Amino acid sequence: MTKSSARAMYLLIALIVVLLDRWSKHVVAQRIALYSHIQVFPGFFRLTHTENTGAAFSLFADSPAPWKTAMLIAFSGIALVVVSVLLWKNHHAHVVTGIGLSLIMGGALGNLWDRLVRGRVVDFLLFYYKRYQWPVFNLADSAIVVGAGLLVIEILFAKSGGEEPH
């Protein structure tokens, strides 16, 4: 795979993540009233329409700080620049790294879109067991976590081939 075809593939992955994220948030916002839910697997998973003014998994959502949204937008912008540079420089041999960065880019763009347009992010995936539950999240959050996980796996388990960094 050439560098340009690898870059095109990575951008396509990021675009697919953004499109799926936008579509899923739109469907949830149109079909599930705010703070309502649809039980999918009783005792384990439901679709719950919430709007998050904080970061991923509702981190900082309760903060009344007026600068919170601007800070989250700025952080997303910086992260996108860093990920874009890393993707551009990524050698085509590091496919897992490229896919991980693409997922992070797509997820960051999906949530940034919501923050810029609405000042909040639509979340809707809720996993729980009895009284214990994971914070509500969305496909963009999932893409970011999976992408970061791929990068960690690549770092921990990549064989050192003596290749010079590019």
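## Salt bridges and a buried serine in a predicted model

Across the whole structure, a search identifies 5 salt bridges. The structure is a predicted model, and the distances and accessibilities reported below are computed from it. Three of the pairs are described here, followed by the surroundings of S102.

### The K25–D114 pair and its network

K25 is paired with D114 in a salt bridge whose closest N and O atoms lie 3.1 Å apart. This pair links distant parts of the chain, since K25 belongs to helix α1 (residues 3-31) and D114 to helix α3, with their positions 89 residues apart. K25 and D114 are both buried. The two residues also take part in a wider arrangement: a network of salt bridges links D21, R22, K25 and D114.

### E51 and its two arginine partners

E51 forms a salt bridge with the side chain of R118, at 2.7 Å from N to O. Because E51 lies in strand β2 (residues 45-52) and R118 in helix α3, this pair ties together parts that are 67 residues apart in sequence. E51 is also joined to R120 by a salt bridge, with 3.5 Å separating the closest N and O atoms. Here the link runs between strand β2, which holds E51, and the loop between α3 and β3, in which R120 is placed; the two residues are 69 residues apart.

With a relative accessible area of 22%, E51 is partly exposed, because buried residues are those under 20%. R118 is likewise partly exposed, at 37% relative accessibility, and R120 is partly exposed with a relative accessible area of 31%.

The distances for the three pairs are collected below.

| Salt bridge | N to O distance |
|---|---|
| K25 and D114 | 3.1 Å |
| E51 and R118 | 2.7 Å |
| R120 and E51 | 3.5 Å |

### The setting of S102

Helix α3 (residues 95-118) also contains S102. Is S102 buried or exposed? Its relative accessibility is 0%, so S102 counts as buried. The side chain of S102 reaches the backbone oxygen of Y10 at a distance of 3.1 Å. When residues up to four places away in sequence are left aside, S102 touches Y10, I13, A14 and L87. Y10 therefore appears twice in this description, as a residue touched by S102 and as the owner of the backbone oxygen that the S102 side chain reaches, while S102 itself is buried at 0% relative accessibility.

Technical notes: Residues are numbered from 1 along each chain as its sequence is written. This is a predicted model: local features need pLDDT of at least 70, side-chain atom pairs count only at pLDDT 80 or more; totals for chains, interfaces and linings use all residues. Side-chain values use heavy atoms; hydrogens and water are left out. Helices (H or I, at least four residues) and strands (E, at least two) are DSSP runs, numbered from the N terminus. Buried means under 20% relative accessible area, exposed over 50%, partly exposed in between (1.4 Å probe, protein chains only). A polar contact is a pair of N or O atoms within 3.5 Å; within protein, one must be able to donate a hydrogen and the other to accept it, and residues adjacent in sequence count only if both atoms are side-chain atoms. Contact means heavy atoms within 4.5 Å. A salt bridge is a side-chain nitrogen of Lys or Arg within 4 Å of a carboxyl oxygen of Asp or Glu.
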